[in-house]
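Trainee: Could you walk me through this one before the group meeting?
Mentor: Gladly, let us look at it together.
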Amino acid sequence: MNQAIENYLTSIIPQRNQLFNEMEAYALEHKVPIMDLIGMEALIGMLRLHRPKKILEIGTAIGYSALRISEALPQATIVTLERDEERLQKAREYIKAAKKEAAITILEGDALELFDAVKEHGPYDAIFIDAAKGQYQKFFELYSPLLNEQGMIVTDNVLFKGLVAVSNEEIEQKRLRSLVNKIRNYNKWLMSHNDYHTVILPIGDGVAISVKKMR
């Protein structure tokens, strides 16, 4: 997105409450990856249109996205997955401060190992993937069977700071180049999926929206 347009859109986003401001400041100070403001507003807008009752989030971090979604959709319940103990502790503190313990359930552990526990809370009307980027396809394949027929899957960071659009020669770090290639492969796989229609929106860090094809 053009930087001037991004700055403009950010400037007109309504102010968040004190708790969200605190979370944004904490994430910035401690380098915790949370969804950027423009992407967050877009996600909330899509979910308001879709009106899911039950949401699965893969990647809690400090609970920012889950709490923003819960505020926008107070009738929804959210199951969110996280393996980092320090981030989990902060997420629990923030969820308690927001009095959202009844709406948000945290499952602790590696998302690739939590299927049985996640299934107990399903099925889901929406799935939000925002965890380890190199595992996106595995997350999608593992949890998409728990999606309702009319559900949707949203994946964040699929443009990865625009790096998916540059040549490998321009990416000096081998590890970063490998991650970018995995995201490119995921995007290609997702766009050609036999069972899903997908659109990638160039907002925030790139958001992919996937819905089941009608049979």
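Mentor: We will go through the sheet, then two helices, then some charged pairs.

Trainee: What should I know about the model and the numbering?
Mentor: This is a predicted model, in which local features need pLDDT of at least 70 and side-chain atom pairs count only at pLDDT 80 or more, while totals for chains, interfaces and linings use all residues. Residues are numbered from 1 along each chain as its sequence is written, and side-chain values use heavy atoms, with hydrogens and water left out.

Trainee: Okay, the sheet. What is the order of its strands?
Mentor: The order is 3-2-1-4-5-7-6 in an open sheet of seven strands with mixed pairing. Strands here are DSSP runs of E with at least two residues, helices are runs of H or I with at least four residues, and both are numbered from the N terminus; two strands pair if DSSP finds at least two bridges between them.

Trainee: And which strands stand at the edges?
Mentor: Strand 3 (104–108) and strand 6 do, each with a single partner strand, so one side of each is left without a neighbour in the sheet. On average, neighbouring strands of this sheet are turned by 15° against each other, direction ignored. For such angles, axes are lines fitted to C-alpha atoms, for helices over the stretch in contact, and angles run from 0 to 180 degrees between N-to-C directions.

Trainee: Is strand 7 largely enclosed or open, and why?
Mentor: Strand 7 (residues 207–212) has five of its six residues buried, so it is largely enclosed by the rest of the structure. Buried means under 20% relative accessible area, exposed means over 50%, and partly exposed is in between, using a 1.4 Å probe and protein chains only.

Trainee: Which strands does strand 7 pair with?
Mentor: Strand 5 (residues 147–156) pairs with strand 7 in the antiparallel sense over five bridges, and strand 6 (residues 196–201) pairs with strand 7, also antiparallel, over six bridges. On the strand 5 side, D156 has V207 as its bridge partner and I153 stands opposite S210, whereas V199 stands opposite I209. Strand 6 and strand 7 form a hairpin with five residues between them, and G204 in the turn has a positive phi of about 55°.

Trainee: Switching to helices, what does helix 8 lie across?
Mentor: Helix 8 (residues 174–191) lies across strand 4 (124–129), strand 5, strand 6 and strand 7, and runs at about 135° to strand 6.

Trainee: How do helix 7 and helix 8 cross?
Mentor: The axes of helix 7 (residues 136–143) and helix 8 come within 9 Å and cross at roughly 35°. The contact, meaning heavy atoms within 4.5 Å, is made by Y136, Q137, F140 and E141 of helix 7 and by Y186, W189 and L190 of helix 8.

Trainee: Last topic, how many salt bridges are there?
Mentor: A search of the whole structure finds six, where a salt bridge is a side-chain nitrogen of Lys or Arg within 4 Å of a carboxyl oxygen of Asp or Glu. One of them joins R16 and E24 (3.0 Å, N to O); R16 is buried at 14% relative accessible area, and E24 is buried at 18%.

Trainee: Which salt bridge joins strand 5 and strand 7?
Mentor: The side chains of E149 and K212 meet in one (4.0 Å, N to O). E149 lies in strand 5 and K212 in strand 7, so the pair ties together parts that are 63 residues apart in sequence. E149 is exposed, with a relative accessible area of 55%.
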